Each structure stands twice: as C-alpha cells, then as structure tokens.
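The following exercises concern the reading of a protein fold from its coordinates. Each task is followed by a solution in steps.

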Amino acid sequence: MKIIAAKFVLEANENVPMRCDIENVAFDFGDKCIAAMQLGNATHDSDLQLIPLLSANAGSSGVMTYNCFRYIETRILDGIRSHLSDLDGIYLHLHGASYVETIGSGDFHILKEIRNLVGPYVPVAVACDPHGNLCKEYVEQCTLIRSYRESPHTDIEQTNEFVLNELKDIIRHRQNIHAIYRKLPMILGGEQSVSSDEPVKTINRHLDELQKDPKIRSCSWHVGYIRHDCDEAGCGIVVVPQTQQDTEYCETVADQLAQYVFDKRHEFHYTGLTADPDKALQMVLQSEEKPNFITDSGDNVTSGATGANTTILRQVLAQNTQKKILFASIHDDNTFTRLADTKTGQQTDIQLGADYNELSAPVPLTVEVIKKAPQLGTSMFGEYGTQGYGEGILVHVISTNIDIIVASSNHPFVERQQVRQFGIDWFDYDITVVKCGYAFPELVKDGNVAVMSLTEGATLQDTSRLPFKRILRPMYPIDNI
Ligand SMILES: [Zn+2]
C-alpha cells in the first residue's frame with residue numbers, strides 16, 4: 001500500500017509583532033523527514049510504501065505569511081498529485097493552531113485542498129496536538145483524527161504510531177467512515193490542562209476505557225488554542241467509529257463524551273506552583289537547595305510568545321541578590337548580532353531588550369561573552385541536531401551572579417541538554433528562568449522549586465482577560481454557564 005506522509009506544525013500567536021516566514025520554519029524533505037515525523041515502529045510493514053514529502057516545523061511563532069504557507073501547502077499538494085493514480089492513503093501530522101495571513105487556519109485549508117484533489121473517500125488520517133482548534137467541516141474531512149493524550153506531550157511518537165497503524169488498518173479493510181466532532185462551549189489555556197493532574201488524568205483514563213469498545217476506533221479530547229481570535233477556538237471532542245455501521249452508535253458516544261468533559265469544567269486549574277511575579281521570585285530566592293526554576297508564563301515561547309520580555313531580569317536586578325541565576329533565554333536579534341561580533345572573553349556594553357513594548361524594554365548591562373553555540377533541538381518535540389532552531393550567546397553580567405543566553409530565536413529551553421550545549425549546567429545555578437508556561441518534565445524532575453510566574457505578556461494566563469470577539473458565546477469561563 002502506498003501512503004503519503006507530511007508534517008506541518010505551527011502554533012500561531014497573533015499577539016506578537018513577528019510574522020512566521022520561511023526562515024522561521026525547520027524544513028526536512030523526503031527520507032530525511034522520517035525522523036522528524038516520530039512514527040515509531042509503524043513504518044516497518046513489508047507491504048507499506050511510505051512516501052515522506054516534507055516536515056515543516058515552525059514550532060510556536062507569529063501568524064504565518066501567506067507566501068510561506070503557500071510554499072508548504074503547494075509542496076504537499078504537488079506531492080499528492082504526482083502519486084494520485086496509485087495512492088492508498090494520506091497521513092498528516094498537523095498541529096491545529098496554525099494561522100495564516102488572509103486564510104485563517106492553515107490546517108483546515110490543507111485538508112480542504114486535499115479533499116478537493118482526492119475526493120471524499122481516500123483515507124486521510126491526522127495526528128495532532130491537543131492544543132489545536134477544530135471545526136466540524138475539518139474534522140469530518142478526516143477519516144481519523146486523534147490528538148496526543150499527554151500534556152506536556154510525552155506521547156507524540158506513540159500517538160503518531162497509533163494513527164499511522166489505524167490508517168493502514170482502514171486501507172486493508174476499507175470502511176466508509178469519518179471522524180465525529182462535538183464542540184464544547186468552554187475555553188481553556190494549556191497551563192490548566194496538565195495530564196498528570198486532574199481532571200485530565202481521569203478524562204484520559206475514560207478515553208482509554210471507551211476505546212476498548214470494539215465499535216470505537218479512536219477518541220480524543222482537544223483543549224484548543226487561545227492565542228489568536230477565531231471562531232473555532234475552544235475545546236472539542238472527537239470519536240471515530242470502527243465501521244460504517246458503528247457511526248450512529250459513535251454519534252451517541254460523542255454526545256455523552258462532550259457532556260462528560262463539559263461537566264468537569266469547574267475542575268480545571270493550574271498545575272504545580274503558581275504565583276504572582278513578586279511571590280514567585282521570593283519562593284525561589286528563599287529556597288535553600290538548587291536548582292530552582294521560574295517559568296515566565298506571560299512570555300511562553302512554546303505558545304508563540306517572542307521570549308523577548310525583560311520583566312523578570314529587571315525584577316531580579318532590583319533584588320541585588322547573590323544567588324547564581326541563569327536566564328535561558330532572552331530573545332533579542334539586535335543584541336545577538338552585536339554580541340556575535342564580540343570575541344569570546346571580551347567585555348562589552350549592551351542594551352538587552354527588543355523594545356517591542358514596555359515588557360521588553362531594554363536593560364543596560366555590561367557583559368562578558370562566555371560561549372557562542374547553535375541551539376540544540378528538543379528531543380521531546382522530535383527535533384534533532386542544531387539546524388533551524390537559532391543560536392545563542394552565553395554572557396555573564398559583570399558585577400552580578402547572573403548569566404544570560406541571548407538568543408537569535410524564540411526556540412524554547414525545556415531540556416537540560418540544551419543548556420549544557422553552552423558549557424553550563426542548570427545544576428550549577430540556584431535559579432534558572434525559562435520562557436515557558438507549565439514546567440516541562442525535566443524541570444519538574446530536577447527542580448527543588450519550580451514555579452510558574454503569572455507575568456504579563458502575549459501569553460497571559462488569565463483567560464477571562466483575553467479580548468476574544470469571534471468565539472462562540474456563551475463560553476465558559478468568560479460567561480457563567
Ligand atoms: Zn501542545
């Protein structure tokens with residue numbers, strides 16, 4: 001059987017000044033993109049001819065330019081067109097939270113164009129992030145769509161493997177089925193839906209139980225994405241029937257599952273330690289053990305923020321503390337370029353801060369350049385090597401105990417190996433400040449205290465303060481339903 005595979009991933013935050021263009025996307029083509037696709041053992045069948053087209057990983061960024069999206073979409077559609085005569089199915093790894101100038105959701109657009117090309121019956125299976133948005137038309141165009149269960153996403157490979165295996169099964173035993181969708185009138189931030197915590201833990205257990213039913217091929221719930229205003233924002237659930245005869249049954253299951261999740265709406269909460277910025281800093285400063293971590297949740301680059309804010313740096317400088325502190329990282333293109341021209345070991349005066357607004361206001365510093373290095377990919381997101389993730393320059397701030405990785409991109413630091421790339425280790429610091437929302441698994445594992453600081457910024461945590469105009473109303477928790 002012949003299956004075409006493609007990956008396109010973008011979380012598009014419209015509250016940042018940058019646009020996502022070609023240079024912000026990590027591309028792999030042909031056989032080289034197999035590793036980035038994280039398909040596990042699903043590619044090993046002797047009768048499977050998998051044709052990997054491309055992996056376009058834009059991570060979290062701003063709204064994508066039309067031209068950049070057109071390039072990606074055209075590569076996918078051209079690849080499908082050239083195999084149209086003997087193609088058995090299409091596997092897509094999408095995110096669901098892309099947003100493109102003049103188009104809106106890129107994910108929806110790709111599916112629509114694929115259906116225009118192949119018609120309604122060719123099996124199309126989609127593996128996706130739970131932090132993507134859905135709509136009825138999009139879901140129903142998928143033969144199967146299934147999100148990762150875990151947040152942080154420790155089960156990406158497992159999910160992709162499941163989806164590709166199901167696609168092979170659908171091709172071997174053809175069924176006229178499609179995914180069934182229910183929209184929920186509730187909107188959630190990712191930081192309130194951590195899967196090691198309730199109510200997500202119980203919801204995931206329930207989904208696994210449901211899936212044991214031989215009439216149900218797959219079911220999943222989707223948190224949604226809240227960093228651009230669009231009518232599809234909000235939570236949803238998906239159920240995929242095993243056979244055509246199971247469709248009516250699964251429609252009922254979908255209604256029940258939607259109600260099941262909606263009934264838990266009051267149970268969602270932040271996971272782990274969360275505090276206002278002043279309190280959060282005091283918590284880590286008072287910690288006797290190391291390492292400790294603060295996540296700058298208003299400037300969460302894993303949800304598309306720029307990572308340029310200097311608010312916690314200014315907060316720390318005002319403390320005059322002797323604690324050893326690392327910022328991993330602060331994104332500032334101009335300062336990065338300036339430092340790139342400064343030799344290692346030399347001192348120089350910089351104004352660190354991209355100055356997009358008062359949150360990223362420049363801070364005058366005298367620094368010594370310690371080490372320059374390309375940033376490492378994160379293994380949990382299937383990123384390998386150092387291509388396409390930007391670079392960093394480790395500097396020491398003179399007359400302080402502060403070190404900063406000044407970055408040329410908003411690529412996230414979520415793994416210890418990424419810090420070690422700069423010849424340092426977060427175990428050597430009392431406090432490491434990262435540009436994330438919830439603390440990722442290694443921070444939780446290594447951290448004595450790991451606290452989410454409720455800072456202002458493009459990824460503000462307080463959902464009720466977000467200025468949505470286009471979403472379904474009433475919507476919990478904006479409306480009291
Ligand atoms: Zn996600």
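The exercises proceed from the whole chain to the domains, the core and a pair of strands. The model is predicted.

**Exercise 1. Overall form**

Determine how many helices and strands the protein has, and assess its compactness against the globule rule.

Solution.
1. The secondary structure amounts to twelve helices and 18 strands.
2. The globule rule gives 23 Å for 481 residues, and the radius of gyration of the protein is 23 Å, close to that value; the protein is therefore as compact as a globular protein of that length.
3. Along the principal axes, the C-alpha trace spans about 70 × 50 × 40 Å.
4. Of the 481 residues, 53% are buried.
5. Take the contacts between residues at least 6 apart in sequence: 75% of them join residues at least 24 apart.

**Exercise 2. Domains and their contact**

State the domain division, then describe the side of domain 1 that touches domain 2.

Solution.
1. The protein is divided into domain 1, residues 2–267, and domain 2, residues 273–460.
2. Taken over C-alpha atoms, the centres of the two domains are 32 Å apart.
3. Domain 1 contributes 23 residues to the contact, and domain 2 contributes 23 residues.
4. On the domain 1 side, β1, α1 (34–37) and β3 (49–61) each supply at least two residues.
5. Of the elements on this side, β3 gives the most, with three residues.
6. By class, the domain 1 side comprises ten nonpolar, ten polar and three charged residues.

**Exercise 3. The largest nonpolar core**

Identify the residues with the most contacts inside the largest nonpolar core, and establish which strand supplies its largest share.

Solution.
1. The core has 136 residues, and those with the most contacts inside it are M64, V238, V239 and V406.
2. Strand β1 (residues 2–12) supplies the largest share, eight residues.
3. Domain 1 and domain 2 each provide at least three residues of this core.
4. For M64, set aside the neighbours within four places in sequence; the contacts of M64 then include L10, A12, C20, A58 and F69. Also among them are S98, Y99, V100, E101 and G106.
5. As general background, nonpolar side chains tend to be buried together in soluble globular proteins.

**Exercise 4. Strand β8 and its partner**

Decide whether strand β8 is mostly covered or mostly open, and find the bridge partner of S218 in β9.

Solution.
1. Strand β8 covers residues 216–222, and seven of its seven residues are buried. The strand is thus mostly covered.
2. β8 and strand β9 (residues 236–241) run antiparallel and are joined by six bridges.
3. Within this pairing, S218 of β8 has V240 of β9 as its bridge partner.

Conventions
Residues numbered from 1 in each chain as written. Predicted model: local features only at pLDDT ≥ 70, side-chain atom pairs only at ≥ 80, totals over all residues. Buried ≥ 20, exposed ≤ 12 C-beta atoms within 10 Å, placed from the backbone. Helix = DSSP H or I, 4+ residues; strand = E, 2+ residues; numbered from the N terminus. Pairing = 2+ DSSP bridges. Core = buried A, V, L, I, M, F, W, Y, C linked by C-beta atoms within 7 Å. Domains from an automatic or database assignment. Contact = placed C-beta atoms within 7 Å. Rg over C-alpha atoms; globule rule 2.2 N^0.38 Å. Nonpolar A, V, L, I, M, F, W, Y, C, P; charged D, E, K, R; others polar.
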